[in-house]
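Please open the model in a viewer and follow the selections below in order.

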Amino acid sequence: MTSRTERILIIDANEQARSDLSRYLDARGFYVSVCPDIGAARSLFTENIPDVIFADLSPEVIEDLNRRLDAAESYTPIVAYTSSTSSAEVVQLLRAGAEDIVLKPCHASKEALDDVIEKLFDRIRVNRLNKLYREELEEANLDLRSGIAELRADQNAGRKVQ
């Protein structure tokens with residue numbers, strides 16, 4: 001097991017499913033928080049937004065949660081953690097904004113769960129790097145604009161001297 005700093009939130013009304021997934025992720029070195037419903041989870045969003053959310057929620061709630069995360073300017077992928085094998089429901093969850101789907105119980109497909117987690121954290125790392133590069137570029141643009149304004153002022157002063 002490697003030491004990790006990533007935070008994962010599990011939202012699921014089913015205590016057994018919550019516990020199983022939590023134990024597995026905890027054993028993998030993640031910081032795991034669990035909540036039985038979205039109401040209990042909302043308090044966590046004001047303090048410390050998790051890196052990934054595993055949620056057994058309806059498509060409407062996932063869509064609302066995605067909107068809230070976007071408003072907070074947080075790239076936090078939501079993984080639909082469901083026991084439904086209905087293709088229509090899976091499509092609804094993905095359209096609502098779920099990044100991926102993991103079927104319950106998780107102990108049946110540990111390799112698939114590991115693949116999902118690995119891909120999600122790769123996307124999170126890329127997103128964070130893009131955000132950092134964007135901030136650095138914006139700062140460089142501000143410096144360039146400031147330099148150009150100073151050069152124009154010097155140019156105008158030189159014209160007056162001539």
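A salt bridge is a side-chain nitrogen of Lys or Arg within 4 Å of a carboxyl oxygen of Asp or Glu. The model is predicted: local features need pLDDT of at least 70, side-chain atom pairs count only at pLDDT 80 or more, and totals for chains, interfaces and linings use all residues. Residues are numbered from 1 along each chain as its sequence is written, and side-chain values use heavy atoms, with hydrogens and water left out.

Select E63 and R67 first; their side chains form a salt bridge with an N to O distance of 3.8 Å. Add D64 and R68 to the selection: salt bridges with shared partners join E63, D64, R67 and R68 into one network.

Move next to D12 and K104, a salt bridge whose closest N and O atoms are 2.8 Å apart. Both D12 and K104 are buried, that is, under 20% relative accessible area (exposed is over 50%, partly exposed in between; 1.4 Å probe, protein chains only).

Then select R7 and D51, whose side chains meet in a salt bridge at 3.9 Å, N to O. R7 is partly exposed at 27% relative accessibility, whereas D51 is buried at 4%.

Finally, display V52. Leaving aside neighbours within four places in sequence, V52 is in contact (heavy atoms within 4.5 Å) with R7, I8, L9, T76, P77, V79, L120, F121 and I124. The search of the whole structure finds 12 salt bridges, among them the pair R7 and D51 already selected.
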